[in-house]
Amino acid sequence: MGFDIAMEQHSWSHVGFIFFSILFIIVARAANVFSCAYLVNLVRPAHRKIPPKHQKALWYSGLRGAMAFALALQSVHDLPEGHGQTIFTATTAIVVLTHSC
């Protein structure tokens, strides 16, 4: 992944798309993880509930992935002029921003 991030051409011409992609992914992931954890915690006994600290880790760590990166890299070659680079740049930004977990 590191080699491809450095070698592929990025497109920063659609910064709004990249910003809102990151924002919507963060919000959608939070809605999914926290609501599912809430439902699971309703039926679990007290000693097996998913603590908020673990829920936050699930939310943050799920925002990256090799499969998303591979699909974005393939879109560079499959989509018409510039669209693939924009998707690749947005995906790369998400991977880099969420890699510290």
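From the N terminus on, the protein chain runs α-α-α-α-α. The model is a predicted one, and its secondary structure comes to five helices and zero strands. Of the 101 residues, 28% count as buried. Among contacts between residues at least 6 apart in sequence, 67% join residues at least 24 apart.

**Helix α2 and the annotated region**

The UniProt record, an unreviewed entry, carries the annotation "transmembrane region" for residues 17–40. In the model this stretch is 100% helix and 0% strand. Its end C-alpha atoms lie 34 Å apart. Helix α2 itself covers residues 15–43.

**Two crossings of α2**

Helix α2 crosses helix α3, which spans residues 52–61, and also helix α5, which spans residues 83–97. The geometry and the make-up of the two contacts are set out below.

| Helix pair | Axes come within | Crossing angle | Handedness | Residues of the contact |
|---|---|---|---|---|
| α2 and α3 | 9 Å | roughly 145° | right-handed | seven nonpolar, two polar, two charged |
| α2 and α5 | 9 Å | roughly 50° | right-handed | eight nonpolar, three polar, no charged |

For the pair α2 and α3, the axes come within 9 Å and cross at roughly 145°. On the α2 side the contact is made by I26, R29, A30, V33, F34, A37 and N41, and on the α3 side by Q55, K56, L58 and W59. These residues divide into seven nonpolar, two polar and two charged.

For the pair α2 and α5, the axes cross at roughly 50°, and α2 is therefore oblique to α5. The crossing is right-handed. Helix α2 contributes F17, I18, S21, I22 and I25 to this contact, while α5 contributes T86, T89, A90, A93, I94 and L97. Eight of the residues are nonpolar, three are polar and none is charged.

**A93 in the contact with α2**

Which residues does A93 touch, leaving aside its neighbours within four places in sequence? A93, which sits in helix α5, is in contact with I18 and I22. Both I18 and I22 belong to the α2 side of the α2 and α5 contact. A93 and I22 are 71 residues apart in sequence, yet their C-alpha atoms are 7.9 Å apart in space.

Is A93 buried or exposed? A93 has a relative accessible area of 13%, and because this is under the 20% cut-off, A93 counts as buried.

How values were computed:
Residues numbered from 1 in each chain as written. Predicted model: local features only at pLDDT ≥ 70, side-chain atom pairs only at ≥ 80, totals over all residues. Heavy atoms only, no water. UniProt positions renumbered as here; feature names shortened; annotations may be inferred. Helix = DSSP H or I, 4+ residues; strand = E, 2+ residues; numbered from the N terminus. Axes fitted to C-alpha atoms, helices over the stretch in contact; angles between N-to-C directions. Left-handed = near helix turned anticlockwise from the far one by under 90°. Contact = heavy atoms within 4.5 Å. Nonpolar A, V, L, I, M, F, W, Y, C, P; charged D, E, K, R; others polar. Parallel < 35°, antiparallel > 145°, perpendicular 65-115°, else oblique. Buried < 20%, exposed > 50% of the residue type's maximum accessible area, 1.4 Å probe, protein only.
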